[in-house]
Structures are given as C-alpha cells and as structure tokens.
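Here are three short exercises to try with a protein model. Work through each one yourself before reading its solution.

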Amino acid sequence: MLLHEDTLALTHPLFGTIRLNEKFQKVLKLDPFVELGFKSQLGTFAYLGSILNAKHTRLMHSVGVMFLVDKLLDTIQRKYSKVLTITQEDRETLELVALGHDIGHLAFSHSLENKSLKSHEERTVELFENYANEINSIFGYDITSKVLKVFEFGKDSYRASMLFGDGIDILTICTPLLMGTIDCDRMEYLMTDRYMLTGDHIDYTRIFESIAIVKYGYYGSYAIAFEKSALSLIEDMLMTRVHQYENVYCTMEDTITKSILKNYVLASGIENSNICTMQEYDFLSHMHNVLRKGVNGSIQSHLAKAFLYSNHENILCKKFTNVKAYEYFTNRLYEITDRRDVIVAKWYEFNAYSKDKDFVLIKDNDGTTKNLEEINSKIMNCVAEFGYVIVDVDWSYELKKEDTRKIRQLFAM
C-alpha cells in the first residue's frame, strides 16, 4: 500500500486510490492506527515471503474495509432514502468502526494469541476507550460511545439485526454487515488475498446491490436480507473462505511457522505484556540479533533460523484429513513421551455456514424471507476438516534419545 503524503490518500491494490478526509488523516496518526501498517493481515508464512507478492497489511485491510463500508452506505441510502436517513455522524461512526476494527490484533496476524492474553476484540475496545479523548476531540463529539455500541452489538450480529422494533437504526442494522456472516471485513480480505495470491479478481461487492430491509421473526422486527438473485455469489464467497483457510491461512508450512514463533517467544522469555506492544519488526530484529550474537547450537538460534530461513529439516510434521487417524497418531506420540509441551497437535474444522454462528436471510422472488439453511443451500455441506501434528526434535532437546528415535520412526510410517 502506497501512502501519498501530498494528498494523504492510500493506494489499495483492488480499490485504487482511497482519499481520506482531514478527520481520518488525524486518526491514522494515533499510535494504534499507525501500528496497523506494521502488522500482517495475510498470515505468518506468506508474510515471510513464501508467496513473494502476498503483502497485505492490517492498514491496507482496514482502509479497504472502510472503503467498502462507504460503498455499502451509499447503496443503502440510494435504495432506502424514503425510509431512512444516514447522517454524517452515522457515516463517520461506521467508517471509524471499519478503520479501527483490527487495532487490537497482535503482530503476525493470529500467530501469537494465547488463552492468557485478552482477545483482539477485547483489546480493540480497550484501545478505543484509552484513546477516547483524542478521537472525540478530532471529531468534535462523543463518537467513541457510538463506536463501542456497534462493537457491543457485533458480539451477536443476529441479535443486533432483531432490535429495531418499529424504527430503523442505521448503526444497528449495519452491524451484521460489518461483523457478520456476509460483512465488509470478510469481503475485503477474501477479495484482496485472492488477488494478491493468484491474480484473480472477484467482486463480492455486487452483493450490496441485493440488500433488502425486511421484517422478520415473531415480532416483525426489521432486519437485513439479500435478494435471491445474489444467492450464488453469497455461496461463492462463503465457499471461497473455506478454501482459503485450508489452502492459504492454515497450510502445513504456516502451522509450522506459527509453532516456531510461539516456541521462540517461550525460549526467549518474552513476557505477555511485551508481546502486546511488540511489532513484527521487533521480533525479526530480535531474531537477527540472536543469530549475530548467539551461540551456535543454542535453541534460540535454531528457532530463529527455522523461522527466518525456513530451516525445517528437524521439524517433523504430518497432515491428516481423517480425525480418527489424527487422534490415533497423537495418542501414539503421547505413549512415547509424556512431554506434551513438545508436541503441537492442531485440528481444524471450517464450515462454510454454521447454524450455530452464522445467520443470512434470503428474500425470495415471492417476497417471503427465509434463513439460508431453510432453502437447502449447497454450502450447508461445504466443510474443510484437517489437522497437523508437529514435533520439532531440536526444540525437544530434553527428550530422551530413544524417545526421539521412536518419534522419528512413527513419523516415517
């Protein structure tokens, strides 16, 4: 992404030049927003150059999501000008939600997240609260309270879509389109990642033209639905997400790289409080310094080489597409050694549409509105299930030699 200082505009690979008004120019100078330019969106392994042109930063992504939100609001205003009005404050609030929705992320995408740290959603809310005075001063009113309201509804976009009663509130009605099943966030990263990786350009924004505001449910509340004419494009978007998780975001190499990074942090004794403030260049600089000054053969040097230069000769890994085979193999490893900390076993399951989490309404040609699962959509059976088992025998230096030999034999089977 190129930043033009004379015009304060940004160049997006798909959307071209995106110009920012003075308020958002000032927002991007606040620390949490500046840091978006130093965090990767696409993932650890791709970031390190396995896919040479696949550089997608959180800044590029966030500005792209804001661009899509603008396009979405223009469409809603044009189609429903008789029943709702989008004020300047409404637009600025949703734009700021889009621009700031990822400020709570750690470096290297999701690679460093763990259960002892706050979630990136919690950190995002916390940062907006911490910078409320500066942000409100920029806009001249209490915009952060409105932003936090949208984030609160975003915890359950289905619930948000059912809260309008007799009126239409643009902030709540747009929440599922910012943080839901078919939202601007997913749209941007699926479209941009696909373009950066393959050169293919698919325009999911055409879904916006099919948006319909309908009354749905027992209480007849207003909700967002999509005309049936957009069904095939919606299905393609959801299936593309599953495909990219299996083939881009959660590949064997990416899983190995994430494991190495976490082990490096552990071996280096980096505290959680520091992980939350470190940028990607901090970690890379730390590793380069270890290689320059470290003792050959040290575990930190091994992990730094494995991370920076993909030296994975002593990292054993198997992929499984059958959960029973995966569990059997993992149990065999646990029988060999009780050192479970040296084994990384990760099982992934990605559904194109989950009845428990997802919610998409389709307005049929006859005017009736149904949930996607009620119309026998082909995506209901679209699921990717696979797993990896990883053992780094160098990181596992405390293993007994006999145990290491048995582990190598098991992976060779």
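**Exercise 1.** Does T255 count as buried or exposed, and why?

Solution. Start with the ground rules: this is a predicted model, where local features need pLDDT of at least 70, side-chain atom pairs count only at pLDDT 80 or more, and totals for chains, interfaces and linings use all residues. Residues are numbered from 1 along each chain as its sequence is written, and side-chain values use heavy atoms, leaving out hydrogens and water.

Step one: buried means under 20% relative accessible area, exposed over 50%, and partly exposed in between (1.4 Å probe, protein chains only). Step two: T255 has 6% relative accessibility, so T255 is buried.

**Exercise 2.** Find what T255 is in contact with, leaving aside its neighbours within four places in sequence.

Solution. Contact means heavy atoms within 4.5 Å. By that rule, and with those neighbours set aside, the partners of T255 are C250, Y348, Y388 and I390.

**Exercise 3.** Check whether the length of helix 11 (residues 184–198) agrees with its expected span.

Solution. Helices are DSSP runs (H or I, at least four residues), and strands are too (E, at least two), numbered from the N terminus. The expected span is 1.5 Å times one less than the number of residues. With 15 residues, helix 11 should span 21 Å, and its end C-alpha atoms are 21 Å apart, so the two agree.

Now look at its surroundings: 11 of the 15 residues of helix 11 are buried. Those buried residues pack against strand 2 (9–12), helix 4 (58–79), helix 10 (170–178) and helix 12 (231–249). After helix 11 comes G199, with a positive phi near 85°.
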